[in-house]
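Visitor: I'm new to this one. Could you walk me through it and tell me how each label is earned?

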Amino acid sequence: MFANQFGSNLCALYLLFPRVREPASRANRRHLDDFDKRKLKLGESQKRIRFHKLFCASTGEEFVEKIDQAKMSSAKDVDPSLGFLTRKDTDVKLPRPTRVKNKTPAPIQITAEQILREARERQEAEIRPPKQKITDATELADYRLRKRKEYEDLIRRVRWNMSVWVKYAQWEESQKDFDRARSVWERALEVDYRNPTIWLRYAEVEMKNKFVNRARNVWDRAVTLLPRVDQLWYKYIHMEEMLGNVAGARQIFERWMNWMPDQQGWLSYIKFELRYNEIERARSIYERFVQCHPKVDAWIKYAKFEMKNGEVARARSCYECAVEKLADDEEAEQLFVAFAEFEERCKETERARCIYKYALDHIPKGRAEDLYKKFVAFEKQYGDKEGIEDAIVGKRRFQYEEEVRKNPLSYDSWFDYIRLEESVGDKNRTREVYERAIANVPPAEEKRYWQRYIYLWINYALYEELEAEDSDRVREVYRECLKVIPHKKFSFAKIWLLAAQFEIRQLNLTAARQILGNAIGRAPKDKIFKKYIEIELQLANIDRCRILYEKYLEWAPANCYAWSKFAELERSLGETERARAIFELAIAQPALDMPELLWKAYIDFEIAEDEYERTRQLYVRLLDRTKHLKVWLSYAKFEASSCVVEEGLNSDNHEHGPDSMNVKVECLQRARGVFEKAFDYFRTNEPELKEERSMLLEEWLNLESRFGDLGDVSLVQRKMPRKVKRRRAITSEDDTPTGFEEYFDYIFPDEASGAPTLKILEAAYKWKKQKIDSTEDD
């Protein structure tokens, strides 16, 4: 029984601990890497050791129980992804790190450089294959067969790799088997005949091995198939020239020129002819060259070639032909500079100056920077004072052209440019610059963008009037300017006024009135009304002035200046009732911009007309509208001063009139009544305006003192306040206290009687004052 049980347990143990657990399929077996195999072997050995210990330490039933426990625990921990091993079996145990006890630095320090040097010195030599020595023809044939097979296999794999073909052909060449090498080259050309490297290597091999005709054949085929590859032509020509075949090289050049190559190809042909002193041939090639490449540098090289050979007339002819054909080219500046320098070398300074001026007139200013510099240097060397000034002006003109080209709306640059042209004195050029400047209208219809621009028109008109003295053009300038301005959004009064004043200077009064009338109808402004009225007043057209004032007031009924001036005009004409009616209409307006000036003018008018009762009524009407301190003071001063005027009138009209003392007393009573009313108003209706009340009392006190014995100063002094310095808290916007400030407060006698604390302060103030006086007496 024990044997049977032991045998079944062994079978189960064998199934539990197999030697190598086969994967489920061949695919799994292929994907099992070396690392998994090492883990599998490690787990197998550990399980066998564990089983051996278990078998030796137990007998009988104990052994069977331990095997059952092992089966159950292993069945739980088994993981199929790990080859049916447990996680514990596959854990990699790393060695325990050694703890560093002594952390002091070593006495001998080793740098990283020393470590790298030692590693380099101890590096083993590179292993190279041994050199093969061929001793007989059989080995050589085997070697060649093996290499050819390698190259052919490699070509079959990478057919389009040209480096393999080149190595193959060069190896055949090294074996002195030129036929096979040519065969390889031809096969390579069949694959990619557009590759110029193949043709170059092929021809170089033929040339190196002195197969001249074959090389010539290769070059001929190459330039026929690839005529746009310049290197092939250069190599072909170089070979023929090295062989001394000049005629053949020239023939190749002609073939190449039929394809119209770039400039370098033509120049190489010219140099080739010059090496053999073929001047005429080179000249004919230059003529064909400039026809093929009609550019500035080609013509300059042609002219320099003629100059080098002493043909001055031919060189000048070259430059003249180039100017005729390329005057509008982008590189024309370079051509003109070279032409002028040529004439300068030929001692033809006048010709050079003419060339510079012609170029400056025809080349755009943005492309003539170098030309200006050359011209200034030329004039400094050969020119006189006027020529130097012209050159400097031209240079400055070029700078301004650059500025206005970069920013056409830079009106300050236009002003500088215009001043330069005006200083030169050329009217046509100045007008041209003005026209170009005024053509740059501001893009936005906002007045602030037009304020600098409008002065271009003004300066243009003044230039035509003062410098050019062309009145028709001045009139046209003003007309066009008024058309450009968007009058519905904004206008400029100065333009209308300048145009009208110009017509007046031309004794054309009808045109001036028409301009000002259009201004009032299209864009009315204060300046236009004032100037138009002033002109009509100078001409003594009163009816027109009245009409204009009516239009003015219809346009701006709140304008107190217009009402005052209109009334002043009527008063100057002796129309008192008309002036008074105008003032009445003015003060009856619901809204006024400066009503205080209008009321003052009306009051002054009534005073000037000696209408004191009307003046008092005006003051009363004014006080019904406003109770301002200045109104009260003005009213009181009027009452105080009216006695002097009335006394003068009475003395003039009546020799034995009433006593002047009674008049003064009456005036004083009236003025005192005004002050009392004002004081009562501020005390009852505006108690917080203490400073105004104090100022009112000061003026009242001054009035009483000016009347001398008639005045009662004590009446005012009893009402005078006491000035006290106090402190109050200052708060920020969010009601947080930020500190204190000092201010002056006024304590009036009627307020002090109602406040007991103020009496204490007053007693303290008196005590302090007595103490100060006693110390001064001591």
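Guide: Sure, let's start with the pocket lining. Helix H33 gives the most to the lining of the largest pocket, with 7 residues. Keep in mind that this is a predicted model.

Visitor: Which other helices supply at least two residues of that lining?

Guide: Besides H33 (595-608), those are H34 (612-625) and H35 (629-653). By class, the lining has 10 nonpolar, 4 polar and 5 charged residues.

Visitor: Why is the contact of glutamate 240 with arginine 216 called a salt bridge?

Guide: The cut-off is a side-chain nitrogen of Lys or Arg within 4 Å of a carboxyl oxygen of Asp or Glu. Here the N to O distance is 2.6 Å, so the pair qualifies. Glutamate 240 sits in helix H12 (residues 230-242) and arginine 216 in helix H11 (residues 212-225), so the bridge ties together parts 24 residues apart in sequence.

Visitor: What makes glutamate 240 count as buried?

Guide: Buried means under 20% relative accessible area. Glutamate 240 has 2%, so it is buried. Arginine 216 has 24%, so it is partly exposed.

Visitor: And how do you know whether lysine 489 is buried or exposed?

Guide: Exposed means over 50%, and lysine 489 has a relative accessible area of 58%, so it counts as exposed. Lysine 489 forms a salt bridge with glutamate 445, with the closest N and O atoms 2.7 Å apart. Glutamate 445 is partly exposed, at 41%.

Visitor: How many salt bridges does the rule give?

Guide: The count comes to 54.

Definitions and conventions:
Residues are numbered from 1 along each chain as its sequence is written. This is a predicted model: local features need pLDDT of at least 70, side-chain atom pairs count only at pLDDT 80 or more; totals for chains, interfaces and linings use all residues. Side-chain values use heavy atoms; hydrogens and water are left out. Helices (H or I, at least four residues) and strands (E, at least two) are DSSP runs, numbered from the N terminus. Ala, Val, Leu, Ile, Met, Phe, Trp, Tyr, Cys and Pro count as nonpolar, Asp, Glu, Lys and Arg as charged, and the others, Gly among them, as polar. Buried means under 20% relative accessible area, exposed over 50%, partly exposed in between (1.4 Å probe, protein chains only).
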